[in-house]
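Work through these exercises with the structure open beside you. Try each task before you read its solution.

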Amino acid sequence: MSPKGKIQSINLNYRALHPVIVLIYGCMRAGKTEQLFHQIENALQQLGKRRVVIFKPYLDDRTGSEIRSRAFDHSYEAHVIKKPEEVFDHDLDPSSLVIFDELQFYPKGITSVAEELCGRGHTIIAAGLDKK
């Protein structure tokens, strides 16, 4: 986090990146969604739409099946899931970037699912509140 409490932007090279789990977390209005959207845009440019897959928990029903950013005035379609294991029901390209938004709303099993996906070659970006 930057000195002003905002999350600083990072630029990842998704073509060269070995599978990792990237966490974007912070308090309300810290810039998590802005950073997530920055990463989505970056990944779409590098990988193409087919290889970027976005999930959101069904408990976050504020925007239907979209994730939305006020700062970017933009939204992306997301797969709404009740259980983390439902990720495996989706057709994921072997090297897809998998994004989990609103991490705090997922059940505890999300950690093992993210680790399993990473072990299968996927890079994971997860964004949510710091629950300290």
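A residue is called buried when its relative accessible area is under 20%, exposed when over 50%, and partly exposed in between. Keep in mind that this is a predicted model.

**Exercise 1. Find the buried residues of helix α2 and work out how they are arranged around the helix axis.**

Solution.
Step 1. Locate the helix: α2 spans residues 110-119.
Step 2. Apply the cut-off. The buried residues of α2 are I110, V113, A114, L117 and C118.
Step 3. Look down the axis of α2. These buried residues fall within an arc of 135°, so they line one face of the helix.
Step 4. Ask what covers them. The cover includes strands β1, β6 and β7.
Step 5. Look just past the helix. G121 follows α2 and has a positive phi, near 105°.

**Exercise 2. Trace the pairing of strand β7 and decide how enclosed the strand is.**

Solution.
Step 1. Take strand β1, residues 21-26. β1 pairs with β7 in the parallel sense, over six bridges. In this pairing, L23 stands opposite A126 of β7.
Step 2. Take strand β6, residues 97-100. β6 and β7 also run parallel, joined by four bridges. Here L97 stands opposite T123 of β7.
Step 3. Follow the chain from β6 to β7. The path goes through α2, and this β-α-β crossover is right-handed.
Step 4. Check burial in β7, residues 123-129. Six of its seven residues are buried, so the strand is largely enclosed by the rest of the structure.

**Exercise 3. Describe the largest nonpolar core and say which element gives the most to it.**

Solution.
Step 1. Recall the background: in soluble globular proteins, nonpolar side chains tend to be buried together.
Step 2. Find the members that touch the most others. In this core of 16 residues, they are L36, I40, I54, I67, L97, I99 and I125.
Step 3. List the elements that give two or more residues to the core. They are β1, α1 (32-47), β2 (52-57), β6 and β7.
Step 4. Pick the top contributor. α1 gives the most, with five residues.
Step 5. Look for another core. One of 14 residues lies apart from the largest, and its members include V87, L92, L117 and I124.

**Exercise 4. How many salt bridges does the structure hold, and which parts does the R51–D93 pair tie together?**

Solution.
Step 1. Count them. The structure holds two salt bridges.
Step 2. Take R51 and D93. Their side chains meet at 3.7 Å, N to O.
Step 3. Place the partners. R51 lies in the loop between α1 and β2, and D93 in the loop between β5 (79-81) and β6, so the pair ties together parts that are 42 residues apart in sequence.
Step 4. Check accessibility. R51 is partly exposed at 26%, and D93 is partly exposed at 21%.
Step 5. Take R120 and E116. Their closest N and O atoms are 2.9 Å apart. E116 has 37% relative accessibility, so it counts as partly exposed.

**Exercise 5. Is E102 buried or exposed, and what is its phi?**

Solution.
Step 1. Place the residue. E102 lies in the loop between β6 and α2.
Step 2. Compare its accessible area with the cut-off. E102 has a relative accessible area of 16%, so it is buried.
Step 3. Recall the background: most residues other than glycine have a negative phi.
Step 4. Read the angle. E102 is not a glycine, yet its phi is positive, about 55°.

How values were computed:
Residues are numbered from 1 along each chain as its sequence is written. This is a predicted model: local features need pLDDT of at least 70, side-chain atom pairs count only at pLDDT 80 or more; totals for chains, interfaces and linings use all residues. Side-chain values use heavy atoms; hydrogens and water are left out. Buried means under 20% relative accessible area, exposed over 50%, partly exposed in between (1.4 Å probe, protein chains only). Two strands pair if DSSP finds at least two bridges between them. A crossover is right-handed if, with the strands pointing away from the viewer, the path from the first strand over the helix to the second runs clockwise. The arc is that of the directions from the helix axis to the C-beta atoms. Contact means heavy atoms within 4.5 Å. A nonpolar core is a set of buried Ala, Val, Leu, Ile, Met, Phe, Trp, Tyr and Cys residues joined through side-chain atoms within 4.5 Å. A salt bridge is a side-chain nitrogen of Lys or Arg within 4 Å of a carboxyl oxygen of Asp or Glu.
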